[in-house]
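Welcome, and please take a moment to look over the structure below. A short guide to some of its features follows.

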Amino acid sequence: MTSTLTTTAGAALNLGTARELVCRECGSSTPLAAEFACAECFGPLEVGYDFEPVTRADIESGPPSIWRYRKLLPVPDDVDEHPNTQPGLTRLLRADRLAHALGLRRVWIKDDTGNPTHSFKDRVVAVALAAARQLGFRVLACPSTGNLANAVAAAAARAGWESVVLIPASLERAKVLTTAVYDGALVAVDGTYDDVNRLATELAAEHDDWAFVNVNVRPYYAEGSKTLGYEVAEQLGWRLPDQVVVPIASGSQLTKVDKGFRELIELGLVQAAPYRVFGAQATGCAPVSAAFKSGHDVVAPVRPDTIARSLAIGAPADGPYALDVVRRTGGAIEDVTDTEVVDGIRLLARTEGVFAETAGGVTVACAKKLAECGQLDPDAETVLFITGDGLKTLDAVENHVGPRATVPPTTKAVRDALRS
Ligand SMILES: *Cc1c(COP(=O)(O)O)cnc(C)c1O
Ligand SMILES: [Zn+2]
């Protein structure tokens with residue numbers, strides 16, 4: 001392992017205020033590099049910083065994207081001058097009609113369907129690409145459950161990089177097409193996501209100029225999820241919500257929303273206040289929820305079987321850390337059946353005019369369950385993370401919604417149809 005702060009090409013490595021990589025298990029630190037596992041104990045590495053003082057005004061006068069938080073991310077200060085997809089600063093919608101349906105007083109939707117490729121993955125990929133550029137990579141790659149494939153292929157296209165994207169062959173048609181259109185190298189693999197992920201780890205070892213965003217540059221990639229926490233706090237007028245419900249695939253997003261909140265407190269950008277983090281999974285792939293409910297620290301892998309394919313990671317890398325966050329903050333983790341997922345998608349659409357993909361259905365349906373059993377405080381302010389667009393998973397609702405009738409072009413026929 002190298003210890004110099006330079007790229008393989010010898011150029012100075014500029015990753016902003018990022019200082020080192022720190023092992024989340026044993027706490028030992030290592031210089032910034034394309035490493036993801038601790039050399040001492042194989043634990044996952046996380047970016048550590050030397051933050052400079054930053055004010056709300058600094059952030060508010062920044063670009064209308066995640067780059068307004070660039071001083072809190074492992075990216076150079078001029079990051080926005082390189083071609084990038086400019087994700088983030090998505091809508092935070094007050095959701096009174098949904099709140100009423102859930103029996104909660106005040107609910108907000110963090111609507112990440114508005115990102116460039118319509119999911120929260122544009123955030124993490126933009127940060128991974130910026131860091132990968134500094135680390136001397138030339139190709140952007142990933143194993144993906146779908147949304148990451150879209151985001152990597154699009155970000156690479158815009159940056160003029162080659163991309164290599166590996167997906168399970170069973171992926172939704174829409175997610176295959178919305179990746180292939182960017183014309184990178186897309187390969188469908190006969191196997192589950194966990195098979196594809198293992199393959200990516202092997203390929204990363206063979207190709208040292210391929211940045212697998214969620215494998216060999218994962219510590220940088222993961223930091224992109226902090227921006228969800230930053231944005232929610234900024235959009236609430238620089239304060240933290242009381243409780244948040246976050247979907248769990250690998251568990252990374254959930255842990256980083258918490259990290260984002262803690263950093264804002266540490267930097268004095270928000271007042272310290274208790275908040276509770278809740279996790280949401282689909283019952284057909286609920287290893288973290290199962291561990292939570294049985295009081296275990298170990299997350300036993302499962303074989304996924306759910307329509308919520310974007311969350312279908314049977315062996316979630318950050319599962320134990322997600323459990324820690326939920327337990328430390330006094331939250332809970334729930335899981336819902338595929339029928340409830342579809343109901344969740346339809347409830348959100350009907351009450352708020354927001355069409356979410358299956359992961360959003362999972363979040364809404366879990367929020368409903370958590371509210372019904374009294375785990376979510378009805379009087380507390382709640383933020384639901386809606387992380388992907390329903391147009392990507394049309395197959396989930398295809399057999400549940402449609403026109404009331406097909407009628408001849410007469411007013412009588414329309415009237416009759418409306419009456420039925
Ligand atoms: C990837 C993904 C998530 C969660 O990702 P983590 O691996 O837990 O960080 C949530 N929602 C959608 C739509 C996703 O694509
Ligand atoms: Zn370690």
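Cys41 is a good place to begin: its relative accessibility is 33%, so this residue counts as partly exposed (buried means under 20% relative accessible area, exposed over 50%, and partly exposed in between, with a 1.4 Å probe and protein chains only). This is a predicted model, in which local features need pLDDT of at least 70 and side-chain atom pairs count only at pLDDT 80 or more, while totals for chains, interfaces and linings use all residues. Residues are numbered from 1 along each chain as its sequence is written, chains are lettered from A and ligands numbered from 1 in the order in which they are written, and side-chain values use heavy atoms, with hydrogens and water left out.

**The zinc site**

- Cys41 (SG) is one of the protein donors of the zinc ion (ligand 2); together with Cys23 (SG), Cys26 (SG) and Cys38 (SG), it lies 2.3 Å from the ion. Donors here are N, O and S atoms within 2.8 Å of the metal (3.2 Å for Na, K and Ca), and water is not among the atoms, so sites may look incomplete.
- Cys23 in strand 1 (residues 18–23) and Cys41 in the loop between strand 2 (29–30) and strand 3 (45–49) are 18 residues apart, a pair that links distant parts of the chain. Helices (H or I, at least four residues) and strands (E, at least two) are DSSP runs, numbered from the N terminus.
- Along the sequence, the donor residues of the zinc ion (ligand 2) follow the spacing C-x2-C-x11-C-x2-C.
- The arrangement around the zinc ion (ligand 2) is tetrahedral because its four donor atoms subtend angles of 99 to 118 degrees (four donors count as tetrahedral if all angles lie between 85 and 135 degrees).
- Cys23 counts as buried, because its relative accessibility is 3%.

**The sheet**

- Three strands form an open sheet in the order 2-1-3, with antiparallel pairing. Two strands pair if DSSP finds at least two bridges between them.
- Strand 2 and strand 3 are the edge strands, each pairing on one side only.
- Two bridges pair strand 1 with strand 2, and Val22 stands opposite Ser29 in strand 2.
- Five bridges join strand 1 to strand 3, where Gly48 is the bridge partner of Glu20.
- The hairpin of strand 1 and strand 2 has five residues between the strands, and Gly27 there takes a positive phi near 80 degrees.

**Ligand 1**

- Which residues come nearest to ligand 1? Of the 15 residues around ligand 1, these are Lys121, Asn147, Ser250, Gln253 and Thr387 (a residue is near a molecule or strand if one of its heavy atoms lies within 4 Å of it).
- An oxygen atom of ligand 1 is 2.8 Å from a side-chain N or O atom of Lys121, and for the side chain of Asn147 the distance from a ligand 1 oxygen is 2.8 Å.
- The protein covers 97% of the 390 Å² of accessible area that ligand 1 has on its own (areas come from the Shrake-Rupley method with a 1.4 Å probe; for residues, only the protein chains shown count as cover).

**Lys226**

- Lys226 sits in helix 8 (residues 226–235) and is buried, with a relative accessible area of 0%.
- The side chain of Lys226 reaches the backbone oxygen of Leu72 at 2.7 Å.

Technical notes. Tetrahedral: all angles 85-135°; square planar, octahedral: opposite > 155°, others 65-115°. Polar contact = N/O pair within 3.5 Å; in protein donor to acceptor, adjacent residues only side chain to side chain.
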